[in-house]
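Let's work through some exercises together, one small step at a time. Keep the sequence and the structure open beside you as you go.

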Amino acid sequence: MCGIIGYTTRKNNSVEVALSGLKNLEYRGYDSSGIAFFDGEKMDIIKSKGKISNLDDKLSNFNTNSCCAIAHTRWATHGEPNETNAHPHQVGKVTLVHNGIIENYSVLKDELLKNGYTFKSETDTEVAAAYLDYCYSKTQDKLQALVDACKAFRGSYAFDVVYEDEPTTIYATRKDSPLVIGYSHDGNFAASDISAILNYTNKYSLIEEGEFVKVTKDIVTFYNKDLHEIEKKSETATWDAAQYQKNGYEHFMLKEIYEQPKAISDIFNRYYTNCSYKDLDFSKFDKIHIVACGSAMHASLVGKYLLQTYGKIPVMVEIASEYRYSEELITPSTLLIVVSQSGETADTLAALRLAKEKGAYVVGIVNAVGSTIAREVDKCIYTYAGPEIAVATTKGYTSQVAVFSTLALMAMEQKGLLDKNIEKLIKNDMLNIEEKINSVISNREKYLEIANQIYKHNDLFFIGRGIDSTVCMEGSLKLKEISYMHSESYSAGELKHGTISLIDKGTPVISIATDEKLFEKTVSNIKETKARGSFSIFVTTENHIDNCDEFADEVIILPKATDFTEPILTVIALQLVAYETAKLRGCDIDKPRNLAKSVTVE
Ligand code: F6R
């Protein structure tokens with residue numbers, strides 16, 4: 001989704017710094033970019049469709065010495081990606097960049113048209129710029145104009161604004177979109193997230209909803225919604241700029257896949273040594289809802305399986321954008337667990353706010369420290385997997401699964417369901433996870449061999465039962481989002497109720513059977529596809545490989561583990577198959593088309 005950065009400085013390098021910040025925001029997903037900078041007389045605006053390098057090339061034709069700049073990466077919502085729709089937008093005395101959506105923009109536009117404003121773009125943001133200019137023309141007070149405009153806006157926003165008559169000051173505010181203020185030796189920032197400023201500073205402050213900020217090169221002043229000055233603590237980011245580099249890996253996705261052994265073993269080690277959420281008492285709640293989007297929702301399905309099967313607690317998993325339609329099920333005795341890597345996903349945030357309104361207790365499983373979801377939940381369980389830059393999540397997903405494994409273990413303990421032998425088995429499994437993940441990752445040749453067999457196909461199916469069927473969903477999503485192959489995930493037993501008609505000679509079917517109890521049934525379903533000519537790729541554990549030549553053309557062999565860690569091992573193999581396939585298809589692996597890392601609109 002859109003990323004913004006504003007920088008005002010004692011030096012003349014605001015364009016260079018803002019551009020380097022934009023590059024660090026690339027991971028959020030975008031299709032055009034733009035920058036406005038003070039040239040000593042006025043704000044110059046340069047925009048470009050496509051990659052930031054296009055903007056960079058264009059800028060090389062200009063004198064970009066400037067002490068104040070605001071810049072933007074746009075992920076199109078209102079109007080196609082082109083230069084006219086790209087930000088910054090300038091209307092009257094106002095130049096601004098915006099992350100979010102002004103939902104009532106067409107009503108405001110009508111009002112503005114009646115007052116003589118005209119529009120060049122199709123965007124809601126140009127309307128926001130015009131509306132702010134309209135408010136400023138009435139009050140002649142920059143902060144008050146921003147307050148008045150924000151009162152009229154419905155939707156989400158993080159704004160960096162520069163007024164023509166004060167061109168080295170950035171005014172900023174936010175609602176439902178993230179914004180941080182950064183402090184450096186040479187100047188100050190207002191940006192979507194810390195990654196944008198980490199090359200220059202690790203000192204920052206978070207802006208709460210409805211607060212306003214005036215940022216000059218020397219001083220930053222914070223205001224509440226009534227424009228009373230407020231004090232803000234400065235914080236120090238623990239993530240450093242090096243974590244935002246590929247560090248020799250060909251892609252961020254690959255780097256993040258290789259970071260999983262440590263990220264996951266850290267979660268299990270923390271659980272056994274210094275667990276911050278052991279006080280969560282499941283008996284206080286009559287039901288658990290888990291709500292998330294995309295891969296985080298897939299991780300939630302693994303969580304549901306573990307909590308139900310082992311903790312004997314009934315769980316409902318809901319896609320965040322659909323949760324409001326289950327509103328009547330939310331009560332004060334509901335435990336809602338929201339799961340989000342970015343901590344900024346608008347649908348998940350809306351679900352959490354709804355549940356809080358209804359009196360539910362909300363726990364978050366979140367990766368991004370200090371993110372909106374992390375701050376708004378009653379209790380936050382951080383995954384601490386470090387920054388995830390590739391749009392397709394890998395360590396984000398597995399670290400969520402790892403936290404769910406520990407929650408299921410806690411539920412078993414609390415209910416007296418954990419006998420000494422099982423406890424020992426699971427502990428041993430969790431504390432040896434690093435070695436097992438490394439052995440899965442080291443099988444790269446096999447994943448490449450499989451990718452070579454499937455990359456020219458247009459359709460592919462994943463099948464599995466029980467916990468394996470939840471991993472199928474994630475494997476399928478990974479493949480389709482980065483390789484653009486059509487892929488579907490089906491419960492193995494469900495395929496014959498319709499979808500099997502799509503299996504033809506050579507159609508690749510990836511089947512997962514790691515669960516002892518369900519092995520034979522899954523194998524029967526694989527044979528059904530094989531009888532229709534499928535190319536069968538079988539994913540199983542080392543104890544299950546006898547006689548699989550009968551129904552498997554390729555086999556991925558995983559280390560045997562308990563259900564508490566097996567899904568992690570399985571999905572990592574599938575992440576690597578997706579990665580190698582996308583590479584053979586020549587796709588932009590870290591930034592797949594149309595996708596955004598941080599989905600801050602509903
Ligand atoms: C897929 C992917 C998305 C996210 C989803 C939720 O690879 O990354 O499906 O899982 O958009 O994002 P978060 O976890 O940030 O709430």
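**Exercise 1. The surface**

Task: Find how much area the chain exposes, and what share of that area carbon and sulfur atoms supply.

Solution: Remember as you start that this is a predicted model. The exposed area of the chain comes to about 23000 Å². Carbon and sulfur atoms supply 47% of that area. For the opposite side of the picture, turn to burial: 60% of the 602 residues count as buried.

**Exercise 2. Charges**

Task: Count the positive and negative side chains, and find how far apart the centres of the two sets lie.

Solution: There are 66 positive side chains and 83 negative ones. Their two centres lie 1 Å apart.

**Exercise 3. The overall fold**

Task: Describe the secondary structure of the chain, then decide how compact the chain is for its length.

Solution: Start with the elements: the chain has 18 helices and 25 strands. Next, take the radius of gyration, which is 25 Å; the globule rule gives 25 Å for 602 residues, so the chain is as compact as a globular protein of that length. The C-alpha trace spans about 80 × 50 × 45 Å along its principal axes. Finally, look at who meets whom: of the contacts between residues at least 6 apart in sequence, 71% join residues at least 24 apart.

**Exercise 4. A helix to check**

Task: Work out what span helix α12 should have, and compare it with the distance between its end C-alpha atoms.

Solution: Helix α12 covers residues 395-414, which is 20 residues. At 1.5 Å a residue, the expected span is 28 Å, because the rule multiplies 1.5 Å by one less than the number of residues. The end C-alpha atoms are 28 Å apart, which agrees. Now ask how enclosed α12 is: 18 of its 20 residues are buried, so the helix is largely enclosed by the rest of the structure. After α12 comes Gly-416, with a positive phi near 70°.

**Exercise 5. Neighbours in space**

Task: Say where Phe-282 lies and which residues of the chain it touches.

Solution: Phe-282 sits in the loop between α7 (260-273) and β16 (287-292). Its relative accessibility is 7%, and buried means under 20%, so Phe-282 counts as buried. Leaving out residues up to four places away in sequence, its contacts include Leu-307, Leu-335, Leu-407, Met-410 and Ala-411. Take Ala-411: it is 129 residues from Phe-282 in sequence, but their C-alpha atoms are 6.7 Å apart.

**Exercise 6. Buried or exposed?**

Task: Sort Asn-99 and Gly-248 into buried or exposed.

Solution: Asn-99 lies in strand β6 (residues 94-102). Its relative accessible area is 1%, so Asn-99 is buried. Among the residues it touches are Cys-2, Arg-28, Tyr-157 and Thr-600. Gly-248 belongs to the loop between β15 (235-236) and α6 (252-258). At 81% relative accessibility, Gly-248 counts as exposed.

**Exercise 7. Backbone surprises**

Task: Find the phi of Asp-176 and of Asn-547, and the omega of the bond joining His-87 and Pro-88.

Solution: Asp-176 is not a glycine, yet its phi is positive, about 60°. Asp-176 is in the loop between β8 (166-175) and β9 (180-183), and counts as buried at 18% relative accessibility. Asn-547, also not a glycine, has a positive phi of about 65°; at 59% relative accessibility, Asn-547 counts as exposed. Last, His-87 and Pro-88 are joined by a cis peptide bond with omega about 0°.

Terms used: Residues are numbered from 1 along each chain as its sequence is written. Side-chain values use heavy atoms; hydrogens and water are left out. Helices (H or I, at least four residues) and strands (E, at least two) are DSSP runs, numbered from the N terminus. The radius of gyration is taken over C-alpha atoms; the globule rule is 2.2 Å times the number of residues to the power 0.38. Buried means under 20% relative accessible area, exposed over 50%, partly exposed in between (1.4 Å probe, protein chains only). Contact means heavy atoms within 4.5 Å. Accessible areas come from the Shrake-Rupley method with a 1.4 Å probe; for residues, only the protein chains shown count as cover. Lys and Arg count as positive and Asp and Glu as negative; His and the chain ends are not counted. The place of a charge is taken as NZ of Lys, CZ of Arg, CG of Asp or CD of Glu.
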